[in-house]
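This report looks at how one protein chain is put together, moving from a strand to a helix and then to the nonpolar interior.

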Amino acid sequence: MTTDPRDAVALAADIRAGDLDPADVLEQAIGRIEAHDPELNAMVATRFDEARAEVAAGLPDGPMCGVPIVIKALGTDVAGLPAADGSRLFADVVASVDSTIVQRYKAAGMVVLGTTNVPEMGKTTTTESLLHGPCRNPWNTGYSTGGSSGGSAAAVASGMVPVAHATDGGGSIRIPAAMCGLVGLKPSRGRVPTWPHPIGLAAPVAYHHAVTTTVRDSAALLDVVAGHVPGDAYGAPTPARPFVEEVGIDPGRLRVGVLRVAPGPFPTDSDCTAAVERTAATLEALGHQVREVELGVDVIEVMTAVGTIMGAQLRATIEDRLAELGRELDDDDIEPWTRTILDNAMTHTAPGVARALQFAQRTGWSVAELFGADSVDVLLLPTLPSTTPELGFLDVRDPESMWTRSSAYSVCTGIFNISGQPALSLPAGADERGMPVGVQFVADYAREDLLLRLAGQLEAAAPWTRIAPGYQGW
């Protein structure tokens with residue numbers, strides 16, 4: 001099996017040149033899903049016949065024409081497919097329209113093959129819902145893929161598809177990327193729209209993009225989906241040029257602030273610290289100025305604020321669904337962990353939610369100060385404080401253990417959901433068990449261009465294995 005496969009940008013170029021037939025590429029992707037998904041459980045719904053019909057009718061002549069993609073089944077609709085958000089309470093809901101991001105993928109010529117596994121309503125850092133069952137990591141099927149974009153990460157790391165849509169409410173793009181050896185970029189707040197879901201209180205912390213095997217794939221997909229729709233509450237500034245053109249440009253000599261360990265009281269595994277130290281050494285060898293810094297943010301307050309904001313959104317979502325059904329909540333409607341989050345949200349007051357939103361704004365200002373004229377250009381820190389857990393370690397049926405275990409996995413990532421800056425997880429070697437480890441880079445608001453330049457430089461200097469061993473790359 002090749003360890004240096006064709007990425008989505010190269011795949012699209014070969015299709016455009018006539019060296020590959022989109023119908024053959026589609027059948028190859030379908031064959032891989034049928035071969036690998038029974039073991040990995042990455043997919044929850046497919047649309048193979050519809051995809052075949054779209055290819056036969058002729059795809060739009062877009063920049064990613066003929067490239068297969070799968071969509072995370074959480075807060076993103078694919079018309080005609082279930083929209084259960086990983087929950088038994090929504091198990092019979094079917095999407096009637098494509099979300100804006102799906103429309104943009106299709107307009108770029110991409111072929112949507114189905115939707116991927118998620119934890120219930122995205123409320124944990126592993127993908128092991130009671131509705132769909134556990135998603136298994138292609139690097140070792142006894143381990144988690146992370147959450148909540150675990151199904152998408154498994155689909156890409158196993159080579160089922162070259163790229164996959166993902167979302168991030170507290171690290172849900174970057175955590176699975178780190179656990180599955182992928183590139184995972186959480187864009188700036190307002191960069192990618194969420195229509196038709198007015199996510200309201202979740203909007204300050206929830207983001208859409210993708211997991212990919214290469215930096216340029218992440219950049220190219222961001223070009224496809226970026227840009228607000230009229231009426232959006234947030235909108236990031238238009239970039240000076242396409243993001244994909246940033247990859248390969250010399251970033252110049254950057255000031256890199258390093259956090260070797262997770263902020264706050266959470267312990268950091270030695271493998272995660274070692275990945276940061278290796279990356280810092282590579283950056284110094286590339287000519288960058290590297291120094292240790294303090295984040296200056298209370299991570300416990302961050303986690304409390306994120307919980308308050310997301311909990312309020314969860315409560316509204318469940319109450320709206322129950323009103324639609326005309327009944328009360330049954331014991332088996334939602335998982336014990338989700339029920340615990342809901343019960344906690346019921347204790348929140350309107351002033352408490354307002355204060356959480358105000359804290360989010362203050363955190364954005366505080367983090368932005370790190371990127372001032374006399375400070376740093378980029379932050380480097382662990383994506384995760386702990387290495388990939390075995391399946392079952394994060395058990396949604398055991399809320400007491402979940403309070404301490406699940407939250408710890410998002411301590412390095414959730415800060416930048418609430419602050420709004422772009423953050424990127426890159427593969428950075430493996431732990432002693434051979435499981436991938438990631439490192440995270442953060443730049444100032446709307447500076448995805450800088451992150452992509454630096455990430456492209458690192459990718460060239462210290463390339464990673466793009467597909468999990470035992471699977472075939474594109």
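The paragraphs below treat a strand and its partners, then a helix, then the cores. The model is a predicted one.

**Strand S2 and its neighbours**

Strand S2, which spans residues 68–72, is mostly covered, since five of its five residues are buried. Two strands pair with S2, and the table sets out their bridges.

| Partner of S2 | Residues | Bridges | Direction | A residue pair |
|---|---|---|---|---|
| Strand S3 | 111–116 | four | parallel | Ile-69 opposite Val-112 |
| Strand S6 | 163–168 | two | parallel | Val-70 with Ala-164 |

Between S2 and strand S3, with which S2 shares four bridges, the chain passes through helix H4 (residues 100–107), and this β-α-β crossover is right-handed.

Ile-71 is found in strand S2, and this residue is buried, with a relative accessible area of 0%. Because the cut-off for a buried residue is under 20% relative accessible area, Ile-71 falls within that class. Leaving aside residues up to four places away in sequence, Ile-71 touches Thr-76, Val-78, Val-102, Tyr-105, Val-112, Gly-114, Thr-115, Thr-116 and His-165. Although Ile-71 and Leu-113 are 42 residues apart along the chain, their C-alpha atoms are separated by 8.1 Å.

**Helix H11**

Helix H11 (residues 350–369) has 20 residues and reaches 29 Å from its first C-alpha to its last, which is close to the 28 Å expected at 1.5 Å a residue. Its buried residues are Val-353, Ala-356, Phe-359, Ala-360, Thr-363, Gly-364 and Val-367. Viewed down the axis of H11, these buried residues fall within an arc of 145°, so they line one face of the helix. They pack against helix H9 (299–325) and helix H13 (414–419), whereas the face of H11 turned away from the buried side carries the exposed residues Ala-350, Arg-355, Trp-365 and Glu-369.

**The nonpolar cores**

In soluble globular proteins, nonpolar side chains tend to be buried together. Here the largest nonpolar core has 88 residues, and those with the most contacts inside it are Met-64, Tyr-105, Met-110, Leu-113, Leu-380, Leu-426 and Phe-441. Helix H7 (residues 215–225) gives the most to this core, with seven residues. Not counting residues up to four places away in sequence, Leu-380 touches residues including Val-256, Val-258, Leu-259, Val-276, Leu-283, Val-439 and Phe-441. A second, separate core of 30 residues includes Val-293, Ala-360, Leu-379 and Val-411, and Ala-360 is also one of the buried residues of H11.

Notes. Residues numbered from 1 in each chain as written. Predicted model: local features only at pLDDT ≥ 70, side-chain atom pairs only at ≥ 80, totals over all residues. Heavy atoms only, no water. Buried < 20%, exposed > 50% of the residue type's maximum accessible area, 1.4 Å probe, protein only. Pairing = 2+ DSSP bridges. Right-handed = clockwise from strand over helix to strand, strands pointing away. Expected span 1.5 Å × (residues − 1). Arc of directions from axis to C-beta. Contact = heavy atoms within 4.5 Å. Core = buried A, V, L, I, M, F, W, Y, C linked by side-chain atoms within 4.5 Å.
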